[in-house]
Amino acid sequence: MKGTETAMRWPDGKRRCIWANPRNARYIRYHDEEWGRPVHDDGKLFELLLLECFQAGLSWECILNKREGFRRAFAAFDLAAVCAFTAADVERLMQDASIIRHRRKIEAAIKNARVFRAIQQEFGSFARYLWQWTEGQVVQEYGRTTSPISDALARDLKQRGMKFVGSTTIYSYLQAVGVIDAHEPGCFLSAGGAAQTGK
């Protein structure tokens, strides 16, 4: 990565990306332990895709704070179970205050689950489909909200029938699952960050 350091030094001596909220322990753990780490497990890829689609128009911190509510409401992110959801489940979810009660997003989550399963069947796994877009490589860049890769992937997912998968949402998803390493310069998790912080 190029550019001057933007990450901030925290009381524990580590530098972290400026977006991480130091007052939210859940957010700190997400930054330190999940965000940007390459994911090849379809279960995890499905969970994060479902959450990212609900995030559209909202803050990721809001979604993260409701993550356990989403886990309960969406059958622990079990793909087969979500694929089998019916109109009755949509109504149930519309009454669940522990999640984002947005009918179109709830309906999209079910539809997207079925498309996700179809992609698995076509490619052998969703991970294989996803990582082909970078030929299995991690892309290192920061300070962007879209890219040619997210443009192309979003377009393909939409053509397959997914909803709430615009390029910005998909770029955020690619960052979350580590296809794109977007830790800011100076962050202890960035390329070269460990050397800079001594961690």
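**Exercise 1. Classify Trp60 as buried or exposed, then describe its ring pair with Tyr30.**

Step 1. Trp60 has a relative accessible area of 11%. Buried means under 20%, so Trp60 is buried in this predicted model.

Step 2. The relative accessibility of Tyr30 is 3%, so Tyr30 counts as buried under the 20% limit.

Step 3. A search of the whole structure gives 12 aromatic pairs. In the pair of Tyr30 and Trp60, the ring centres are 5.6 Å apart and the planes stand at 45 degrees. Planes under 30 degrees apart count as stacked and over 60 as edge-to-face, so this pair is tilted.

Step 4. Tyr30 belongs to helix α1 and Trp60 to helix α3, so the pair ties together parts that are 30 residues apart in sequence.

**Exercise 2. Classify the ring pair of Tyr129 and Trp133, and state which cluster includes these residues.**

Step 1. The ring centres of Tyr129 and Trp133 are 6.0 Å apart, with 85 degrees between the planes. An angle over 60 degrees counts as edge-to-face, so that is the class of this pair.

Step 2. Tyr129 has 0% relative accessibility and counts as buried. Trp133, at 27%, counts as partly exposed; this value falls between the limits of 20% and 50%.

Step 3. Ring pairs join Tyr129 and Trp133 with Phe46, Phe116, Phe123 and Phe126 in a cluster.

**Exercise 3. Describe the surroundings of helix α1 and the cap at its N-terminal end.**

Step 1. Helix α1 spans residues 25-33, and its buried residues are Tyr27, Ile28, Tyr30, His31 and Asp32.

Step 2. The cover over the buried residues of α1 includes β2 (15-16), α3 (60-65), α4 (67-73) and α10 (167-176). Helix α3 also holds Trp60, the ring partner of Tyr30.

Step 3. Asn24 caps the N-terminal end of α1, with a side-chain oxygen 3.0 Å from the backbone nitrogen of Arg26.

**Exercise 4. Identify the rings that have Arg16 and Arg92 over their faces.**

Step 1. Arg16 lies over the face of Trp10, 4.7 Å from the ring centre.

Step 2. Arg92 lies over the face of Phe85, 5.3 Å from the ring centre.

**Exercise 5. State the confidence of the model for the chain and for residues 194-199.**

Step 1. The chain has a mean pLDDT of 92, and 93% of its residues reach 70 or more.

Step 2. Over residues 194-199, pLDDT stays under 50. For this stretch the model has nine contacts beyond four places in sequence.

Terms used: Residues numbered from 1 in each chain as written. Predicted model: local features only at pLDDT ≥ 70, side-chain atom pairs only at ≥ 80, totals over all residues. Heavy atoms only, no water. Buried < 20%, exposed > 50% of the residue type's maximum accessible area, 1.4 Å probe, protein only. Helix = DSSP H or I, 4+ residues; strand = E, 2+ residues; numbered from the N terminus. Contact = heavy atoms within 4.5 Å. Polar contact = N/O pair within 3.5 Å; in protein donor to acceptor, adjacent residues only side chain to side chain. Phe/Tyr/Trp six-rings, centres within 6.5 Å; stacked < 30°, edge-to-face > 60°. Lys NZ or Arg CZ within 6 Å of the ring centre and 35° of its normal. pLDDT = per-residue confidence, 0-100.
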